Amino acid sequence: MNIISNSCLNAIIHRDYIKQQYTNPFCWCYVDTKSFYNLIKNYDTLNWFNYELIKDKNWNFSITIDTKVKIDYPHYKFNKKYNKLVKQGNNILSNHIWTYITDSYEKRVKRMLELNEKPIFIIGNIHENTFRKYDKDYIKK
C-alpha cells in the first residue's frame, strides 16, 4: 500500500496499524502545502532521483525532489556524540545523519517504484499546531 501523507501520520499508520515496512520516503516527515500540492499534481512525472539534501543553519535536514517537492525530516537529527545511529523515541540521531537520510530516501523510493501502486494521499497531522500552518487555498486546489 502506497500511503503518502504530509506528516508523520504515514509512518504511524505503517508502523502501528498495517505493520508494513515504509513504502515511500514520506515517513517521519513534514511536507508543506505547496510541496504537497506539487507532489499530487506531478507524482507521475517527478524524477525521484533528482534530489538535493539541504541542511539549514540549525542542522535540520530536508530533501527537495526535482525542484518541486520539499520533504522536511524533523525526526532525523544530527548529534555529534553518536558515531552510529541511535533511536530515541521517534527520533534517529547520528553524527552522520545525512547518510541515513539519503540512504533511507533512496531505499524507500526504490521500494515505492517497485511496488508500482497509485498513491493514497492523506492530508492530516497528529499535531494541531502544525496542521494550522496548512494553506487552505492549496487544500481546496
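With which residues is F26 in contact, leaving aside its neighbours within four places in sequence? In this predicted model, the partners of F26 are I4, S5, S7, N10, V31, L39, W48, I65, V69 and I71.

## Overall architecture

The chain contains 5 helices and 8 strands. Along the sequence these elements follow the pattern β-α-α-β-β-β-β-β-β-α-β-α-α. Of the 141 residues of the chain, 44% count as buried. Contacts between residues at least 6 apart in sequence include 53% that join residues at least 24 apart. The chain exposes about 8,300 Å², of which carbon and sulfur atoms supply 49%.

## The largest nonpolar core

In soluble globular proteins, nonpolar side chains tend to be buried together. The largest nonpolar core here has 29 residues, and F26, L39, W48 and I71 touch the most other members. Two or more residues of this core come from each of α1 (9–18), α2 (33–42), β3 (61–65), β4 (69–72) and α3 (97–115). The largest share, 6 residues, is given by α3. The contacts of F26 include L39, W48 and I71.

## The β2-β3-β4 sheet

Strands β2, β3 and β4 form an open sheet in that order, with antiparallel pairing. Its edge strands, β2 and β4, each pair on one side only. Neighbouring strands of this sheet are turned by 20 degrees against each other on average, direction ignored.

How many residues of β3 are buried? The count is 5 of the 5, so β3 is largely enclosed by the rest of the structure. Both faces of the strand are covered: F61, I63 and I65 are buried on one side, and S62 and T64 on the other.

Strand β2 (residues 51–55) is joined to β3 by 5 bridges in the antiparallel sense, and E52 stands opposite T64. The two strands form a hairpin with 5 residues between them, where W59 in the turn has a positive phi of about 65 degrees. On the pairing of β3 with β4, 4 bridges join the antiparallel strands, and T64 stands opposite K70. In this second hairpin, 3 residues lie between the strands and D66 takes a positive phi near 50 degrees.

## The β5-β7-β6 sheet

A further open sheet of 3 strands has the order β5-β7-β6 and mixed pairing. Because β5 (76–78) and β6 (86–88) stand at the edges with a single partner strand each, one side of each is left without a neighbour in the sheet. Neighbouring strands of this sheet are turned by 30 degrees against each other on average, direction ignored.

Between β6 and strand β7 (residues 91–94), the pairing is antiparallel over 3 bridges. In this pair, K87 stands opposite I92 in β7. Helix α3 packs on the sheet and touches β5 and β7, its direction making about 155 degrees with that of β5.

The antiparallel pairs described above are listed together here.

| Strand pair | Bridges | Opposed residues |
|---|---|---|
| β2 and β3 | 5 bridges | E52 and T64 |
| β3 and β4 | 4 bridges | T64 and K70 |
| β6 and β7 | 3 bridges | K87 and I92 |

## Helix α3

Helix α3 has 19 residues and reaches 27 Å from its first C-alpha to its last, close to the 27 Å expected at 1.5 Å a residue. Which residues of α3 are buried? They are I97, Y100, I101, T102, S104, Y105, R108, V109 and M112. These buried residues pack against β2, β3, β4, β5 and β7. The partner strands thus come from both sheets, the one ordered β2-β3-β4 and the one ordered β5-β7-β6. Just after the helix, N116 takes a positive phi of about 50 degrees.

## The surroundings of C29

Residue C29 lies in the loop between α1 and α2. Is C29 buried or exposed? With the cut-off for burial at under 20% relative accessible area, C29 counts as buried because its relative accessibility is 1%. Leaving aside neighbours within four places in sequence, C29 is in contact with S5, N6, S7, C8, I71, D72, Y73 and P74. Among these, I71 is also a contact of F26, as are S5 and S7. C29 and Y76 are 47 residues apart in sequence, and their C-alpha atoms are 9.0 Å apart in space.

Key. Residues numbered from 1 in each chain as written. Predicted model: local features only at pLDDT ≥ 70, side-chain atom pairs only at ≥ 80, totals over all residues. Heavy atoms only, no water. Core = buried A, V, L, I, M, F, W, Y, C linked by side-chain atoms within 4.5 Å. Buried < 20%, exposed > 50% of the residue type's maximum accessible area, 1.4 Å probe, protein only. Contact = heavy atoms within 4.5 Å. Pairing = 2+ DSSP bridges. Axes fitted to C-alpha atoms, helices over the stretch in contact; angles between N-to-C directions. Areas by Shrake-Rupley, 256 points an atom, 1.4 Å probe, with all protein chains shown as cover. Expected span 1.5 Å × (residues − 1).
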